[in-house]
Amino acid sequence: MRTTTLLLSPPPFSSKPLTPTTVTTSSQPFFHSPSPLAFPSLNLKPFSLTPLPNSPFVVRADDGDADGAGPDDYDMDDEELEEVDNKKDFDIEYDTLVSASSSASGSGDGEDDIAIVQSKSFVSTRGWDSETVVDYRINEDEFHKISLLDCDFFIRKPPDPDNDVYDFREMYVTPPDTDVYAIPKVLAPMPQKYIRCAKSDFGIYNVTEPPIDAPRGPMYKTDREIQKVFLTKHYRNRRLGDPEFILDFEEIYVIDSKTKSITRAKVLVTVPEGRNRDRKKDLLVIRDNGNSFKIIPVSEREDPSTVIEKEEWAKTRQDMERHLRKLRDFPVSNWF
């Protein structure tokens, strides 16, 4: 019996190994909340209705003049330049029914600058061609090692105490537990600067049923197979301990084990406020085996029973259509 699961690895609060958090079928969505409460393996303090002064869940609005003059009419600080740079490099897909306003600019308290070091050894390949094998070995201690089912992925790790900074300008891929390094396929533009990311695993469980003829045999065996890894950027590159820390669901990088490639996810935003929304209330829905990403308000979250009923109804309709197609000479019925 094969069931799919989404394994969520928290931002590096601790050095404990990853633990499975959710088991679900491949047709069911996975809900991801931007707050650190999405990581149940963490030892957090009891929940309180009164926010603490240093609480990481407090989100403040950015001070900015959305209707002000253009960037040529005033001096922009580093944070505003970063926002403009992100707009130029990437386009976020918003729902056509949602009013998407211009991005607010402001200064984030607690944001720490990361020293930029020019990378000379990274040679990216575009498209679905085979990987470019390099003729040298790397020091794996200087890279984030991401172990997947079909490969090991390496991304440059700049020196940082939080150990969550990624440099996408230098990446390598190898077969599992080997030292044959190759340049991975890069299917979307990668950031040309350091960014902080939280890592989440998407995989499946292979479960062996309890033995019938051997009562003294092992009860079950479970194998975890990581198919994809999601790297979600920290909003405004804030540290984990920052009081305004939150995840930016609009910027997610997907590492695929099967194709040994990395790309940026296309995220559909259906929040009415658009860019000027309270990102603390975002809810990320991942479906279609990690290929569909959608941001919805937390208030629209459905309970698990409703989600299962909808998925079962869709499957029942497909099965019925498949059966009725044998009895008629037209493709789709209107029996609904």
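Is cysteine 151 buried or exposed, and what is its relative accessible area? Cysteine 151 is buried, with a relative accessible area of 0%, and I should say at once that this value, like every other I will mention, comes from a predicted model. Cysteine 197 also counts as buried, at 2% relative accessibility, and the structure holds zero disulfides.

Let me turn now to the aromatic residues, where the structure holds seven pairs. One of them joins phenylalanine 143 and tyrosine 172, whose ring centres are 5.6 Å apart and whose planes meet at 75°, so this pair is edge-to-face, given that planes over 60 degrees apart are classed that way. Phenylalanine 143 belongs to strand β6, residues 143-147, while tyrosine 172 belongs to strand β8, residues 165-174, so the pair ties together parts that are 29 residues apart in sequence. As for their surroundings, phenylalanine 143 is buried with a relative accessible area of 3%, and tyrosine 172 is buried as well, at 0%. With Tyr136 added, Phe143 and Tyr172 form one aromatic cluster.

A further pair is made by tyrosine 166 and phenylalanine 168, and here the ring centres lie 6.2 Å apart with the planes at 20°, so the pair is stacked. Tyrosine 166 is buried, its relative accessible area being 6%, and phenylalanine 168 is buried too, with a value of 0%.

Phenylalanine 168 also brings us to the nonpolar interior, because it is listed among the residues with the most contacts inside the largest nonpolar core, a set of 29 residues, together with Phe153, Ile155, Met171, Leu231 and Ile255. Several strands each supply at least two residues of this core, namely β6, β7 (152-156), β8, β9 (182-183), β11 (195-208), β12 (221-234) and β13 (247-256). Of these, β8 gives the most, with five residues.

To picture one member of this core, please look at leucine 231, and leave aside any residues up to four places away from it in sequence. Leucine 231 then touches Ile146, Ile155, Tyr166, Phe168, Cys197, Ala198, Lys199, Glu251, Ile252, Tyr253 and Ile255, and this list therefore includes both rings of the stacked pair as well as cysteine 197, the buried residue I mentioned near the start.

Finally, apart from the largest core there lies another one, of 17 residues, and among its members are Ala198, Phe230, Leu240 and Ala265. Ala198, you may recall, is also one of the residues that leucine 231 touches.

Key. Residues numbered from 1 in each chain as written. Predicted model: local features only at pLDDT ≥ 70, side-chain atom pairs only at ≥ 80, totals over all residues. Heavy atoms only, no water. Phe/Tyr/Trp six-rings, centres within 6.5 Å; stacked < 30°, edge-to-face > 60°. Helix = DSSP H or I, 4+ residues; strand = E, 2+ residues; numbered from the N terminus. Buried < 20%, exposed > 50% of the residue type's maximum accessible area, 1.4 Å probe, protein only. Core = buried A, V, L, I, M, F, W, Y, C linked by side-chain atoms within 4.5 Å. Contact = heavy atoms within 4.5 Å. Disulfide = S-S within 2.5 Å.
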